[in-house]
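Thank you all for coming. Today I would like to take you through one structure, going from its overall layout to a group of aromatic rings and then to a pair of helices.

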Amino acid sequence: MIVAGAPATGKTTLAHELGRSLELPVITKDDVKEALAAPFETGDRDWSRQLGVAAYSVLFTVAERVLTGGQGLVLESNFRCGISDQPLRALAALAPTVVIVCRTPLARQRFAERATRGRHRVHVDGAVLDDWTGDDSAHQIDIGMPRLIVDTTDGYVPDLGRITAFARNAGGLAS
C-alpha cells in the first residue's frame, strides 16, 4: 500500500493508523531520511535534497525486499508525479497495491505551522515553505493501481473504516 500526498496533509498519521489496522509495517521516507542524517552535520537545502535522494533509494530497496519476501507494507512519502512513478510501478508489480492520496486545501497553512514548531534538523521547512505555493498537483500520483483520494481537512473523508476496507478489498489483503 502506498500513502502519498503533499507535505502536511496527514499522510504519515494515516499511514500509521492503516499499519495498525492492517497489521502491516509502515516505512516512511522521513524516518529513513532522519536516520541517515544522524551521523552527519546539518547542512543546507541542497544537503537535505541529497539526503532525500539517498532516503528514497533506501526506501525503495527496503520495500522491494519486504515485498519479494512475501510480506505487505505501508509505504509513505510525498511522492512526486514523474519522479516516483517508475519505482512505485516496479514495487506494484511485486504485490497487489493500492494508492491512497491525502489532500487538504490547508496543507500549506499546516506546513507553515509545523515549520514554526520545528522538526528534526534534516527538514529545512523554512526553505521549502519559501518555494511552495500550496499547489499539490505534483503529489497526486496515479500509477494505474486502485487509488483513493482522502480529504484530511477535518479527520478523514472517507472515514478510516472505509479507507481500511478499500485497502483490504482492492489490495487483496486478508481480513
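I will begin with the fold, then turn to the aromatic rings, and end with the helix contact.

Please keep in mind throughout that what you see here is a predicted model. The protein has seven helices and five strands, and if you read along the sequence, these elements follow the pattern β-α-β-α-α-β-α-β-α-α-β-α. Of its 175 residues, 42% count as buried. When we take the contacts between residues at least 6 apart in sequence, 75% of them join residues that are at least 24 apart.

Now to the rings. A pair of aromatic rings is described by the distance of the centres and the angle of the planes. There are three aromatic pairs in the structure, and I will discuss two of them, beginning with Tyr-56 and Phe-60, whose ring centres are 5.9 Å apart and whose planes lie at 25°, which is under the 30 degrees required, so this pair counts as stacked. These two residues both belong to helix H3, residues 45-68, and because they are four residues apart there, about one helical turn separates them. Tyr-56 and Phe-60 are both buried.

Tyr-56 also forms an aromatic pair with Phe-79, and here the arrangement is tilted, with 6.0 Å from centre to centre and 45° between the planes. Whereas Tyr-56 sits in helix H3, Phe-79 lies in the loop between strand E3 (74-76) and helix H4 (85-92), so this pair ties together parts that are 23 residues apart in sequence. Phe-79 is buried, as is Tyr-56, and together Tyr-56, Phe-60 and Phe-79 make up one aromatic cluster.

That brings me to the helices, and the question I would put to you is this: at roughly what angle do the axes of H3 and H4 cross? They cross at roughly 15°, and the axes come within 10 Å of each other. Because angles under 35 degrees count as roughly parallel, that is how we describe H3 and H4 relative to each other. The crossing in which H3 passes H4 is left-handed.

On the H3 side, the contact is made by Phe-60, Ala-63, Glu-64 and Leu-67, while H4 contributes Pro-87, Leu-88 and Leu-91. Sorted by class, the residues in this contact of H3 with H4 are six nonpolar and one charged, with no polar residue. Phe-60 thus appears twice in this talk, as a member of the aromatic cluster and as part of the contact with H4.

Note on methods:
Residues numbered from 1 in each chain as written. Predicted model: local features only at pLDDT ≥ 70, side-chain atom pairs only at ≥ 80, totals over all residues. Heavy atoms only, no water. Phe/Tyr/Trp six-rings, centres within 6.5 Å; stacked < 30°, edge-to-face > 60°. Buried < 20%, exposed > 50% of the residue type's maximum accessible area, 1.4 Å probe, protein only. Axes fitted to C-alpha atoms, helices over the stretch in contact; angles between N-to-C directions. Parallel < 35°, antiparallel > 145°, perpendicular 65-115°, else oblique. Left-handed = near helix turned anticlockwise from the far one by under 90°. Contact = heavy atoms within 4.5 Å. Nonpolar A, V, L, I, M, F, W, Y, C, P; charged D, E, K, R; others polar.
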